[in-house]
Structures are given as C-alpha cells and as structure tokens.
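The following account proceeds from a pair of facing residues to the strands that hold them, and from there to the ligand and the overall fold. The reader is invited to keep the structure in view throughout.

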Amino acid sequence: MSGALAAWTVPAQVRTLTGDDHAAFAALGARSTLSSLQSDDTRRSLLSRGLVFGAFVEGTLVGCSAMMFDTPRSYCLRDETVAILPVPNAYLCSTFVLPSARGCGVGTALYKRRLEVLREIERPIVGVEILGTGTPFAVDEHARPGLRFHLAAGFSIGGYSAEPDRGPMLIRKVGVLCRR
Ligand SMILES: CC(C)(COP(=O)(O)OP(=O)(O)OC[C@H]1O[C@@H](n2cnc3c(N)ncnc32)[C@H](O)[C@@H]1OP(=O)(O)O)[C@@H](O)C(=O)NCCC(=O)NCCS
C-alpha cells in the first residue's frame, strides 16, 4: 500500500470480517486509539458475537466498525443516574480508521454499512457511544465525524458513557427517519 493514501481515489472495499481476518484485525487493533480494539479478548468477542466490518484498500485492512445485538449496555443520564439500553437493541461501536487513510470516506462507508445492515436486522433501539475526553458529553476531537454522521442519521443524545471517557451516548428509536 502506498504511503500517500490521502491521494488515493479507489474506494475502500467494505466487508464483514471473519475468524480468518483475526491477524489483520489484531494488527489494526494494536494501532488503534480505542481501548475496545486494543484488547484481544474484546476483538475476539466482537468477531464471534457481533458483526465487525472491515474496510480494505489494496488488500490492506485500514479501518473497522462493529455492532452488537441485545447487549444491556449501561450509560448515564443527564442527572448522573445509570440507565440501561433496553433489550432488544443494537449497539454500534469500535469504529477506527488508520490516520493515513482518514478524510477519504472510509469512516463514512463503514458507518453507512452498519445502518444498511440495521435495515435488515431491525431493532427498536439503536445506541452508539462517541469517544469522549473524560468530561460528560465532551467529544474527542478525532471522533467528531462520528458524532456528525449519527446526528444527521436521526440519532440524538440520550446520555453519556459509563466508561471513563464519558462521551455522548446517542440513541435512535424505531420510527425516527434515517436521513443518511
Ligand atoms: C472517526 C473516524 C472513524 C472517521 O474516519 P474517516 O475515514 O476520516 O471519515 P471520512 O473520511 O468518511 O470523513 C467523515 C466526515 O468527517 C470529515 N472529516 C474527516 N476527517 C476530518 C478532520 N480531521 N477534521 C474535520 N473533519 C473531518 C469529512 O470531511 C467527512 O465529512 P462529510 O461527511 O461532511 O463529507 C476517524 O477519524 C477515526 O478513526 N478516529 C479515531 C477513532 C475514533 O474516534 N472513532 C470514533 C469513536 S466514536
């Protein structure tokens, strides 16, 4: 793969990752800034329990995104009480694109693929956590594209993460129009 990825015009190929992709997924996870992807246990769990999508450029895995189903995910409401994402649900997580491949539409392709799959595997509630900075609702600067994409796709801020990053928990309920 060339080093000048930002100049490349070939669209990334997005497909579901399988157990055969574990080595490439581990290599991407090792370069990720997301704790969920850095953990071997979490990567294996995502591959086996959920759906992980990978974006490939010239055969190299440059990005990934995941979703899980019916996970009773905890998050915090504005008044700091703890809530649970009601089951059945879909929980979207772990989107990461290598810095050298950013700004070329890879992240958007991954985000769109998850929403396409959700049209087939319907769930009444969909949640996505946006990486934060440790202060409730504050968004990590590298996660802003994810915030913008999901707000435009009909998600709204339902609370903030119970994880140490405290980023926003975005929620979309059935019947909310998807504009992306
Ligand atoms: C968030 C992330 C996945 C986006 O991936 P990407 O491949 O750069 O995304 P895209 O190229 O599809 O760009 C998405 C949008 O953000 C914009 N964008 C991309 N990089 C940007 C930057 N550095 N500054 C401002 N806008 C940017 C793009 O112009 C595009 O806007 P548009 O939809 O209006 O055209 C990537 O930045 C990343 O891996 N961040 C670190 C991990 C992370 O925070 N993940 C999200 C956890 S919630």
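In this predicted model, Y91 stands opposite G127, a residue of β7. The two strands involved, β6 and β7 (residues 125–129), pair in the parallel sense over 4 bridges. Between them the chain takes a path from β6 through α4 to β7, and this β-α-β crossover is right-handed. A further facing pair of residues is formed by L92 and V128, the latter in β7. In a regular strand, side chains alternate between the two faces of the sheet.

Strand β6 also pairs with β3 (residues 60–69), here in the antiparallel sense and over 6 bridges. Within this pairing, A66 stands opposite C93 of β6. Is β6 enclosed by the rest of the structure, or is it not? Of its 9 residues, 8 are buried, so β6 is largely enclosed by the rest of the structure. The criterion behind this statement is that 20 or more other C-beta atoms lie within 10 Å of a residue's own.

Strand β7 can be read in the same manner. Because 4 of its 5 residues are buried, β7 is likewise largely enclosed by the rest of the structure. Besides its parallel pairing with β6, β7 pairs with strand β9 (residues 168–173) in the antiparallel sense over 5 bridges. There, I125 has K173 of β9 as its bridge partner.

The ligand comes next. Which residues are the closest to the ligand? They are R102, G107, T108, A143 and P145, out of 19 residues that surround the ligand. The elements that contribute two or more residues to this shell are β6 (89–97), α4 (106–120) and α5 (144–152). Strand β6, already described as paired with β3 and with β7, is thus one of the elements that give two or more residues to the ligand's surroundings. By character, the residues of the shell divide into 9 nonpolar, 8 polar and 2 charged.

These elements belong to a protein with 5 helices and 9 strands. Read from the N terminus, the order of elements is β-α-α-α-β-β-β-β-β-α-β-α-β-β. Among contacts between residues at least 6 apart in sequence, 65% join residues at least 24 apart. Of the 180 residues, 34% count as buried.

The overall dimensions may be set beside these figures. Along its principal axes, the C-alpha trace spans about 50 × 35 × 35 Å. A compact globule of 180 residues would have a radius of gyration near 16 Å, and the protein agrees with this because its own value is 16 Å.

A last point of reference is G19, which is found in the loop between β1 (13–16) and α1 (22–31). Is G19 buried or exposed? It counts as exposed, because it has 9 C-beta neighbours inside 10 Å. G19 and I171 lie 152 residues apart along the chain, and their C-alpha atoms are separated by 30 Å.

Key
Residues are numbered from 1 along each chain as its sequence is written. This is a predicted model: local features need pLDDT of at least 70, side-chain atom pairs count only at pLDDT 80 or more; totals for chains, interfaces and linings use all residues. A residue is near a molecule or strand if its C-beta atom, placed from the backbone, lies within 6 Å of it. Ala, Val, Leu, Ile, Met, Phe, Trp, Tyr, Cys and Pro count as nonpolar, Asp, Glu, Lys and Arg as charged, and the others, Gly among them, as polar. The radius of gyration is taken over C-alpha atoms; the globule rule is 2.2 Å times the number of residues to the power 0.38. A residue is buried if 20 or more other C-beta atoms lie within 10 Å of its own, exposed if 12 or fewer, and partly exposed in between; C-beta atoms are placed from the backbone. Two residues are in contact if their C-beta atoms, placed from the backbone, lie within 7 Å. Two strands pair if DSSP finds at least two bridges between them. A crossover is right-handed if, with the strands pointing away from the viewer, the path from the first strand over the helix to the second runs clockwise.
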